[in-house]
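I open this notebook to record what I looked up in one model, entry by entry. Each entry starts from what I wanted to know and ends with what I found.

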Amino acid sequence: MTDQPELHSVIVSMVSLAAGIAARHPDMGLCQLERLRNAGVPEHQIRAVIEIARHIRDEASEKLDAAFDEKSGIRLEEPPAPERKPANGLNAIEVKAEGSCCTPTPSGQSCC
């Protein structure tokens with residue numbers, strides 16, 4: 001077995017923060033957030049990680065709800081989602097998710 005270098009602690013904290021957010025972990029990734037800030041990671045990079053994690057979490061919830069509705073035959077009327085403007089203030093680009101593994105976040109961050 002060859003020795004593999006360990007992941008840098010910043011990468012581990014970013015992955016852990018994203019996983020905790022996506023999994024709705026009760027600790028909310030606050031420990032990792034503090035570690036990233038103490039390591040000098042720029043806030044815009046931390047915000048990007050948070051945005052991507054929330055997007056993946058929300059997309060997964062929507063897909064699970066749709067699958068449940070389809071299998072159960074129950075369709076609940078939901079109010080239309082409010083239009084969200086990306087954090088950078090630019091208009092979002094509409095992307096069709098057909099055949100795609102994921103869709104970009106509202107600000108255009110790729111999650112793939």
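Entry 1, salt bridges. I began with the charged side chains of this predicted model, and my search for salt bridges returned a count of two. One of them links R37 and E43, where the closest N and O atoms are 2.8 Å apart. I looked up the accessibility of both partners and found R37 partly exposed, with a relative accessible area of 45%, and E43 also partly exposed, at 34%. The other salt bridge joins the side chains of R57 and D58, with 3.0 Å from N to O. Here I noted that D58 has 26% relative accessibility and counts as partly exposed, while R57 has 18% and counts as buried. The assignment of R57 follows from the cut-off, because buried means under 20% relative accessible area and R57 has 18%.

Entry 2, the surroundings of R57. Which residues is R57 in contact with, once its neighbours within four places in sequence are left aside? I found I21, A22 and R24. R57 itself is placed in helix α3, and R24 is found in the loop between α1 and α2, so I turned next to the packing of the helices and then to that loop.

Entry 3, helix packing. For the geometry I kept to the usual pair of descriptors, since two packed helices are described by the angle between their axes and the distance between the axes. For α1 and helix α3, which spans residues 43-72, I noted an angle of about 35° and axes that lie 8 Å apart. I then looked up the handedness of the crossing of α1 and α3, and recorded it as right-handed. On the side of α1 the contact is made by M14, L17, A18, I21 and A22, and on the side of α3 by Q45, I46, V49, I50, A53, R54 and R57. R57 thus appears in this contact as well as in the salt bridge with D58.

Entry 4, backbone angles in the loop. I checked for positive phi values, given that most residues other than glycine have a negative phi. R24 has a positive phi of about 55° although it is not a glycine, and M28, likewise a residue other than glycine, has a phi near 60°. M28 lies in the loop between α1 and α2, where R24 is found too. Are these two residues buried or exposed? R24 counts as exposed at 53% relative accessibility, and M28 counts as exposed at 54%.

Entry 5, a nonpolar patch. On the surface I found a nonpolar patch of about 360 Å², made by L7, I11, V12 and V15. I11 belongs to helix α1, residues 9-22, and I noted it as partly exposed, with a relative accessible area of 41%.

Entry 6, the whole protein. I closed with the totals: the protein has three helices and zero strands, and read along the sequence it follows the pattern α-α-α. Of its 112 residues, 22% count as buried. The accessible surface comes to about 9100 Å², and carbon and sulfur atoms account for 56% of it. Among contacts between residues at least 6 apart in sequence, I noted that 57% join residues at least 24 apart.

Terms used:
Residues numbered from 1 in each chain as written. Predicted model: local features only at pLDDT ≥ 70, side-chain atom pairs only at ≥ 80, totals over all residues. Heavy atoms only, no water. Patch = residues over 30% accessible without salt bridge, like charges linked within 9 Å, V, L, I, M, F, W, Y side chains within 5 Å. Areas by Shrake-Rupley, 256 points an atom, 1.4 Å probe, with all protein chains shown as cover. Salt bridge = Lys/Arg side-chain N within 4 Å of Asp/Glu carboxyl O. Helix = DSSP H or I, 4+ residues; strand = E, 2+ residues; numbered from the N terminus. Buried < 20%, exposed > 50% of the residue type's maximum accessible area, 1.4 Å probe, protein only. Axes fitted to C-alpha atoms, helices over the stretch in contact; angles between N-to-C directions. Left-handed = near helix turned anticlockwise from the far one by under 90°. Contact = heavy atoms within 4.5 Å.
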